[in-house]
Amino acid sequence: MADIRPFRAVRPKMGKAADIAALPYDVYSRQEAKAEAADKPLSFLRIDRPEINFDDSVDTYDPRCYEKAGELLNSMIDAGDFTEDDSSCYYIYELTMNGRTQTGIVATAAVDDYNNKVIKKHENTREDKEIDRIRHVEACSAQTGPIFLGYRSNDLINETVDIVKKDNEPLYDFESPDGIRHRVWIINEEEKIERIRDEFNSISSIYICDGHHRCASAVKAAERKRAATPDWKGDEEFNFFLSVLFPDDQLLIMDYNRAVTDLNGLSEDRFLDRVRKKFVIEEIGQEAYRPEAKGNFGMYISGTWYHLTAKPETKLDDPVDALDVSVLQNELLAPVLNIEDPRTDKRIKFVGGIRGLKELETLVDSREYAVAFSMYPTNISELFEVADKNELMPPKSTWFEPKLRSGLFIHRF
């Protein structure tokens with residue numbers, strides 16, 4: 001059962017949350033992060049992406065960068081930009097985007113639950129990215145970016161959250177530059193804390209939605225800390241990692257689209273003939289096509305949109321092979337365009353649905369890309385099914401919005 005604990009958060013001083021909160025470190029390139037934080041001295045990007053505090057000649061993974069992250073975090077705490085609660089609490093984090101709201105519980109999750117597969121993953125991680133965050137966690141002696149977790153909705157947790165929101169003013173209430181409204185409440189009443197903890201303890205499976213690398217690095221950092229602490233008992237803070245947990249019925253997964261630089265040496269007519277072997281093709285014209293059901297795909301090539309429908313023989317029972325991202329990969333991208341490994345092939349670009357279909361048109365119209373595909377979003381139940389079977393999704397299968405902000409909650413150990 002899931003051990004989801006309250007904790008003493010280091011969090012922005014009242015009135016400073018909007019200035020500190022930042023999108024996750026991996027949303028930006030180095031140059032984008034530097035530009036984003038240029039006129040924002042309190043932006044948490046300066047801690048999450050510490051290389052932006054240096055000249056570009058300093059490598060992103062230079063030890064000085066990680067040292068800088070720890071220095072900046074401590075200096076902001078010493079300067080009073082952050083405060084720390086006196087007792088262990090849960091927190092409520094509500095995000096509203098385009099009139100749609102999702103509300104999560106901010107807490108710490110157990111490293112052992114990850115190792116024992118109570119907390120389940122659906123993606124592989126890369127060692128170089130893990131090492132980066134391990135070094136960052138160790139330099140800060142803290143986890144600074146929450147892992148986005150999901151669980152099957154629980155009525156009692158929902159009721160408790162609703163009561164707290166109704167009866168209390170939020171700690172923070174601000175709108176970020178991208179139009180997302182962020183509100184935070186504290187849960188510090190012992191009765192409510194125990195109720196939430198007991199309810200999570202009755203939940204058998206928690207799922208990583210976003211933040212696989214942050215999660216894996218937090219676990220490995222904890223294991224390193226255990227190795228250096230022979231008498232560790234299990235309740236030390238390093239045995240838990242910062243998380244925000246959302247009920248599944250509030251989560252939004254957007255499409256995660258694809259673009260490919262060339263047609264693998266095929267003429268356009270020959271390419272379309274190859275596609276017809278596995279898909280029914282309907283020409284749409286210049287109006288962008290967004291798939292409306294599973295098994296449907298949009299394709300944009302030479303200024304024209306097409307509607308692709310997977311033929312019946314591609315309907316598979318395996319939960320991974322049945323994913324639309326798998327169908328496109330296995331029936332078109334690999335056999336027709338020779339994209340064998342989308343993790344490493346530089347001919348393919350992944351485009352988050354938040355950028356819209358216009359982004360696909362721009363890529364193809366610029367002639368930097370030959371063809372683009374719009375996808376029907378993966379369903380949260382598909383994610384849960386894959387994770388429950390201890391299987392892995394293809395890369396870039398899910399795009400969750402809105403993104404959690406870093407800097408609103410820090411877990412020190």
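Modeller: Before we start, take contact to mean that heavy atoms lie within 4.5 Å of each other, and keep in mind that the model we are looking at is predicted.

Colleague: Which elements are included in what covers the buried residues of helix 6?

Modeller: Helix 6 runs over residues 127–140, and its buried residues are Glu 130, Asp 132, Arg 133, Ile 134, His 136, Val 137 and Cys 140. An α-helix has 3.6 residues a turn, so residues three or four places apart point the same way. The cover over the buried residues of helix 6 includes helix 3 (45–48), helix 4 (63–78), strand 7 (142–143) and helix 9 (212–227).

Colleague: How far apart are the end C-alpha atoms of helix 6?

Modeller: The expected span of a helix is 1.5 Å times one less than its number of residues, and for the 14 residues of helix 6 this gives an expected 20 Å. The distance in the model agrees with that expectation, because the end C-alpha atoms of helix 6 are apart by 20 Å.

Colleague: Which residue just after helix 6 takes a positive phi?

Modeller: The residue lies in the loop between helix 6 and strand 7, and its relative accessibility of 35% makes it count as partly exposed. Its phi is near 50 degrees, a positive value in a residue other than glycine. The residue just after helix 6 with this positive phi is Ser 141.

Colleague: With which residue do the side chains of Glu 130 meet in a salt bridge?

Modeller: Side chains of opposite charge can pair when their charged atoms come close. Glu 130 is buried, since its relative accessible area is 6% and buried means under 20%, whereas its partner is partly exposed at 35%. In this salt bridge the N to O distance is 2.5 Å, and the partner of Glu 130 is Lys 220.

Colleague: How many residues apart in sequence are the parts that Glu 130 and Lys 220 tie together?

Modeller: Glu 130 belongs to helix 6, while Lys 220 belongs to helix 9. The pair therefore ties together parts of the chain whose separation in sequence is 90 residues.

Colleague: How far apart are the closest N and O atoms in the salt bridge of Lys 34 with Asp 56?

Modeller: Lys 34 lies in helix 2 (residues 30–37) and Asp 56 in the loop between helix 3 and helix 4, so this pair ties together parts that are 22 residues apart in sequence. Lys 34 is partly exposed, with a relative accessible area of 25%, and Asp 56 also counts as partly exposed, at 41%. The closest N and O atoms of this salt bridge are apart by 2.7 Å.

Colleague: Is Asp 62 buried or exposed?

Modeller: Asp 62 and Arg 64 have side chains that meet in a salt bridge, at 3.1 Å from N to O, and Arg 64 is partly exposed, with a relative accessible area of 44%. Since buried means under 20% relative accessible area, the value of 16% for Asp 62 makes this residue buried.

Colleague: What is the relative accessibility of Asn 257?

Modeller: Asn 257 has its place in strand 14 (residues 256–260), where its side chain and that of Asp 255 are joined by a polar contact of 2.8 Å. Leaving aside neighbours within four places in sequence, the residues in contact with Asn 257 include Phe 350, Leu 357, Leu 360 and Phe 373. Asn 257 counts as buried, because its relative accessibility is 0%.

Colleague: How many residues are in the largest nonpolar core?

Modeller: Within this core, Phe 271, Leu 308, Leu 332, Leu 337 and Phe 373 touch the most other members. Taking Phe 373 and leaving aside neighbours within four places in sequence, its contacts include Asn 257, Phe 271, Leu 308, Leu 332 and Leu 337. Apart from this core lies another, of 32 residues, among them Ile 105, Ala 107, Val 164 and Ile 208. The number of residues in the largest nonpolar core is 64.

Colleague: Where is Asn 264 found?

Modeller: Asn 264 is not a glycine, although it has a positive phi of about 60 degrees. It is partly exposed, with a relative accessible area of 34%. Asn 264 is found in the loop between strand 14 and helix 10 (268–276).

Colleague: Which residue does a cis peptide bond join to Glu 401?

Modeller: The omega of this cis bond is about -5 degrees. The partner has its place in the loop between strand 20 (399–400) and strand 21 (411–412). The residue joined to Glu 401 is Pro 402.

Conventions:
Residues numbered from 1 in each chain as written. Predicted model: local features only at pLDDT ≥ 70, side-chain atom pairs only at ≥ 80, totals over all residues. Heavy atoms only, no water. Helix = DSSP H or I, 4+ residues; strand = E, 2+ residues; numbered from the N terminus. Buried < 20%, exposed > 50% of the residue type's maximum accessible area, 1.4 Å probe, protein only. Polar contact = N/O pair within 3.5 Å; in protein donor to acceptor, adjacent residues only side chain to side chain. Salt bridge = Lys/Arg side-chain N within 4 Å of Asp/Glu carboxyl O. Core = buried A, V, L, I, M, F, W, Y, C linked by side-chain atoms within 4.5 Å.
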